[in-house]
Amino acid sequence: MYGWRGRIGLLVPSINTTMETEFWRIAPEGVSVHTARIAGGREGTPEELRNMENASKKAAEEVGMVEPDVVVYGCTSGSFFEGPAWNKKICEQLTAITKAPTVTTAGAMVACLMAGGHKKVDVVTPYVEVTNERLKQFAKAHGVEVAKLGTFDMLDMFDHAKILPEEIYAKVKEMTTPDSEAVFVACTQLRALEVLDMLERDLGKPVYSAVQASAWQAYAAMNVDPKIMDCGSLLRKLSEPDSHKIAVKHLRSA
Amino acid sequence: MSRIGLLVPSSNTTVEPEFYRALPNEVTLHVARLHLSQIATDSIAGMVSDIEQRSRDLATADVDVIVLGAAAPSFLKGLGYDREMAKKIEAASGKRATTTSTALVEALKHLGVSRVVLGAAYDDKVNAIAKNFLEVNGFNVLAAHGLGLVDNLVVGRLDASSAYDLARKIDRPDAEAIVLACTNWKTMDVIERLERELNKPVLSTTQVSIWAALRAIGRVEGVPGYGRLLRDLAAPSKQTQLA
């Protein structure tokens with residue numbers, strides 16, 4: 001069977017065109033990605049983000065049929081919007097449906113920041129103000145302060161994928177200050193993965209992204225070392241001894 | 001950049017990886033799933049109950065074409081059922097659509113083939129429907145053999161050698177081509193070898209679906225490694241030449 005080493009059940013907002021592409025691009029031999037879509041519209045309004053929690057259950061029923069080793073709820077705002085308890089509820093619901101451990105992007109975001117020991121980080125998002133405020137609150141609830149936040153300020157979630165990797169690179173570089181310990185690029189629709197390595201080299205500090213952090217937790221949950229060497233230090237760490245245990249520990253605590 | 005939308009039976013573990021592997025880098029794949037566990041007629045008929053919603057979901061990702069990447073769910077009710085499904089998808093999504101079974105008919109016509117042998121993962125009941133679908137579309141099915149499987153997850157666990165072995169077993173000199181049916185059955189890795197050894201086109205339902213998707217987005221550069229159909233995307237149709 002394809003995915004003999006690990007099958008990832010990936011739930012994406014229906015408009016998302018980036019995450020399944022990036023997950024496939026980094027999948028090593030023996031790992032397969034099986035996608036289901038969370039029904040919804042283009043605009044990331046509070047109502048739309050809240051509806052995703054319910055709509056994700058049907059997508060989980062569909063992807064659960066491939067007997068996945070891990071399920072990824074691939075949306076940052078759709079998992080942090082109503083806070084940590086809501087995120088936890090999503091995890092529990094999807095695990096009950098699929099019988100697999102669930103990773104959410106918001107959970108992965110705080111887990112990677114906590115694993116890095118970061119207390120103060122800069123964040124880049126495509127979100128509008130109400131969503132950015134919710135992100136800050138979610139991070140704060142996990143002991144992480146958002147020092148500076150840079151945004152592309154776009155409500156249309158489909159259009160987030162039109163932002164080019166070089167524009168993300170420029171945004172991160174211009175907004176971050178030496179004051180922060182790391183940078184997180186939120187939103188699984190942003191094509192950040194391919195510039196993370198360059199940003200880390202050029203800024204001299206860790207730079208994470210939503211897709212990357214989700215993949216980090218997913219591979220850790222499957223106990224698979226994907227040997228991904230060109231998508232930032234976080235994924236490279238999966239190839240170090242005992243790294244899986246660290247990621248799994250934070251999966252449970254976040 | 002082009003985007004292909006693919007509707008996949010929920011328990012199918014094969015068609016998604018095989019599409020990804022064959023597609024060029026500039027083409028991305030976006031998947032939605034439809035509930036299916038058993039390859040049995042009632043289960044297959046029920047699979048399409050969500051087809052409009054899931055087609056609309058793919059339309060929100062602004063895909064250029066939507067492919068119903070499932071053989072039995074697009075041939076289940078005989079002549080024209082495949083096009084009926086495509087029309088349903090188009091009406092719901094506003095996007096162009098095709099199906100695996102439509103692609104199979106088009107690919108056989110494209111190659112100018114009329115006499116085939118059919119190998120499938122299915123049980124006799126579903127395989128008889130597959131055979132009938134090809135016959136009412138004008139093809140002569142000289143022989144049809146199925147592996148007798150109903151549980152779709154079990155089909156996904158088969159090794160590609162099962163497709164190779166069945167193709168070798170059913171081939172006969174008067175068959176102009178071999179058809180391997182079921183998009184959850186690993187076939188892509190044995191097509192090239194079979195064509196070399198048997199010296200005739202080998203069509204699999206996954207391969208023809210990829211072919212139809214690439215043609216729908218106007219792709220002319222071929223994809224090597226999966227038989228002559230995908231290798232020669234720009235090749236003129238045999239049928240067109242005759243006409």
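In the predicted model, both faces of strand β1(A) are covered, with Gly6(A), Ile8(A), Leu10(A) and Val12(A) buried on one side and Arg7(A), Gly9(A), Leu11(A) and Pro13(A) buried on the other. The strand, which spans residues 6-13 of chain A, is accordingly described as mostly covered, eight of its eight residues being buried.

The pairing of β1(A) involves two further strands of chain A. Strand β2(A), comprising residues 31-38, runs parallel to β1(A) and is joined to it by eight bridges, and within this pairing Val12(A) stands opposite Arg37(A). Between these two strands the chain passes through helix α1(A), residues 19-26, and the resulting β-α-β crossover is right-handed. Strand β3(A), comprising residues 70-73, also pairs with β1(A) in the parallel sense, here over four bridges, and Leu11(A) stands opposite Tyr73(A) of β3(A).

Some of these elements also take part in the interface with chain B, where 24 residues of chain A are in contact with 23 residues of chain B. On the side of chain A that touches chain B, the elements giving two or more residues are α1(A), β2(A) and α2(A), the last of which covers residues 46-64. Of the elements, β2(A) gives the most to this side, with five residues. Classified by residue type, the side of chain A that touches chain B holds ten nonpolar, nine polar and five charged residues. Strand β2(A) thus appears in both parts of this description, as a parallel partner of β1(A) and as a contributor to the side of chain A that touches chain B.

Key
Residues are numbered from 1 along each chain as its sequence is written. Chains are lettered from A and ligands numbered from 1 in the order in which they are written. This is a predicted model: local features need pLDDT of at least 70, side-chain atom pairs count only at pLDDT 80 or more; totals for chains, interfaces and linings use all residues. A residue is buried if 20 or more other C-beta atoms lie within 10 Å of its own, exposed if 12 or fewer, and partly exposed in between; C-beta atoms are placed from the backbone. Two strands pair if DSSP finds at least two bridges between them. A crossover is right-handed if, with the strands pointing away from the viewer, the path from the first strand over the helix to the second runs clockwise. Two residues are in contact if their C-beta atoms, placed from the backbone, lie within 7 Å. Ala, Val, Leu, Ile, Met, Phe, Trp, Tyr, Cys and Pro count as nonpolar, Asp, Glu, Lys and Arg as charged, and the others, Gly among them, as polar.
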